[in-house]
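Please open the structure in your viewer and keep the sequence beside it. The tour below goes from one selection to the next and says what is found at each stop.

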Amino acid sequence: MPEELITPEPHLPPCEERLDLPRTTSGDGAGPAPGAASATASPALTLAAALIGFVLVTLDSSVVNVALPAMGHELHGGLAALQWVVDGYTLAFASLMLSTGALSDRVGASRAFAIGTAVFTVASVACGLSPNLAVLVAARVVQGSAAAVVLPASLALVRQAFPDPRKRARAISVWAAGGSTALALGPVAGGALTTGWSWRAIFFINLPVGLAALVLSARVARSPRRPAPLDLPGQTTAVVALAALTYAVIEGGRTGAVAGAVAALALAGFLAIEARHPHPVVPLGLFRNGTAATSIATGAAVTFGFFGVVFVLSLFFQEVRGESALTAGLMFLPMTLLISVVNVASGRITNRYGPRAPMLVGQSVAVAGLLVLLSVGAGTPAVLTAVAMMPLSLGAALAVPALTAAAMGAVPAERAGMAAGVLNAARQVSGALSVAVFGALVGGRTHFVTGMRKGLLISAALLAATALATALAPRAPRNEPSGAEGRKLGEGTE
């Protein structure tokens, strides 16, 4: 999920973080930079365009999983190819999101949004028309690349249209709620469209939605162009490392070993570049900040478990239990709707008591939820299965807003956008790797449940480790890093 969707999220695709999605690189986030367009003729129209664009890219991070069996049957593809249908989108979304905030500044948010939405819409049509899985995966990569442009540009448009901080906060809340709704409805929409028409419908539905966003964006005030540095060597090596690592996990064997070696070399190159580049896409000093590093690791662990469970259960319901795509989608509805409700409660708890308690409780509940899912088998009643899925979403929904607040509070205010970008990218990458790992474990239908349970145990172990790290991490002042860590984080990132 880009996020993915989100995240965001979905994602937990990026939409869950509410106010923490990547900021553009100029300004301090308090409003438009000098020289920016003061406002659009209609802020509500700008919000509508940005909201539709965000919903579009978030929905595609969660709508595809339920349709995977139908894709495989019609296009005659195996599990590895279906994993790439998910990961082609997620990897492109995650890796390019490190730079697209700066790109949005360089070309202007309104232009970036229009271009990204247009490319996303065309790529969606290409997905729907795909004659085979190779073309579908390639189109999904283009979709993910465009989504990485749309997401930060859409948020920048909201900031541009609402210079008043109070009105801007309300507008961003509406924008984020739209992403959360798309995340929750994605599996149901995917199941309904696949059952009622075809898996191709989940992509064709993007055509009228994308055109609506483009029509609205044409009436949005032009955004100014601002100088923003790009780290092309770092971005390139990041893409190579992530793609090669995912290939190694999915494909395995001799070619997987070669891909693993390529990933290791690319990672070494990436670290060397980031250590020396004056404007790195991932400032390594961020990981010397204990609170920020723990929060990012926790976000990755939560996403690993959640993405993996959604992916593997989508296949389990249809391939093992023989359910329809619509029934499979409905099985996820209680789980995903719970996220939207608990996110709000978690934000309030975090504001009142700080992030540490909800992070620990959330991770603990998520671990328990993963262990509960070990009892699910081919003969488990549907109602009990749906109930067993809920503790994981409850724990994740408690933890994510809190860990986001912890990461944002651990860095200087002018670095909050950068930290948010790294956090979201880490979560999206973790989601892509979880699909690769779960897919490699479940293998054939005969050993599906055994492989699924191994994946659940791995996810629970990762979350238990980050929960322990959270418990042992030193308490830091809220919204203010220690002087030494704050200075280290700022080095080389101006």
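Is E323 buried or partly exposed? Bear in mind while looking that this is a predicted model. Select E323 and display its surface: with a relative accessibility of 25%, E323 counts as partly exposed, because the buried class is reserved for residues under 20%.

Keep E323 selected and add R321, since these two residues form a salt bridge in which the closest N and O atoms are 3.6 Å apart. R321 has a relative accessible area of 19% and is therefore buried.

From R321, move on to T385, a residue of helix α15, which covers residues 382-388. T385 touches R321, and its other contacts, leaving aside residues up to four places away in sequence, are F317, M331, V376 and T380. With a relative accessibility of 0%, T385 counts as buried.

Next, look for the other salt bridges, bearing in mind that a search of the whole structure finds three. Select D60 together with R140, which form a salt bridge whose closest N and O atoms lie 3.4 Å apart. This pair links distant parts of the chain, as D60 belongs to helix α1 (residues 43-62) and R140 to helix α5 (residues 133-161), with their positions 80 residues apart in the sequence. Both D60 and R140 are buried.

Then select R200 and E74, another salt bridge, where the closest N and O atoms are 2.8 Å apart. R200 sits in the loop between α6 (165-196) and α7 (201-204), while E74 lies in helix α2 (residues 68-75), so the pair ties together parts that are 126 residues apart in sequence. R200, at 17% relative accessibility, counts as buried, whereas E74 is partly exposed, with a relative accessible area of 38%.

For the last stop, hide the side chains and select helix α11 (residues 290-320) along with helix α18 (residues 448-472), whose axes come within 9 Å and cross at roughly 165°. How are α11 and α18 oriented to each other, roughly parallel or roughly antiparallel? Because angles over 145 degrees count as roughly antiparallel, α11 and α18 are placed in that class. The crossing of these two helices, α11 and α18, is left-handed. Now bring the side chains back and colour the contact of α11 with α18 by residue type: its residues divide into 18 nonpolar and six polar, with no charged ones.

Terms used. Residues are numbered from 1 along each chain as its sequence is written. This is a predicted model: local features need pLDDT of at least 70, side-chain atom pairs count only at pLDDT 80 or more; totals for chains, interfaces and linings use all residues. Side-chain values use heavy atoms; hydrogens and water are left out. Helices (H or I, at least four residues) and strands (E, at least two) are DSSP runs, numbered from the N terminus. Buried means under 20% relative accessible area, exposed over 50%, partly exposed in between (1.4 Å probe, protein chains only). Contact means heavy atoms within 4.5 Å. Axes are lines fitted to C-alpha atoms, for helices over the stretch in contact, and angles run from 0 to 180 degrees between N-to-C directions. Angles under 35 degrees count as roughly parallel, over 145 as roughly antiparallel, 65 to 115 as roughly perpendicular and the rest as oblique. A crossing is left-handed if the near helix is turned anticlockwise from the far one by less than a right angle, and right-handed if clockwise. Ala, Val, Leu, Ile, Met, Phe, Trp, Tyr, Cys and Pro count as nonpolar, Asp, Glu, Lys and Arg as charged, and the others, Gly among them, as polar. A salt bridge is a side-chain nitrogen of Lys or Arg within 4 Å of a carboxyl oxygen of Asp or Glu.
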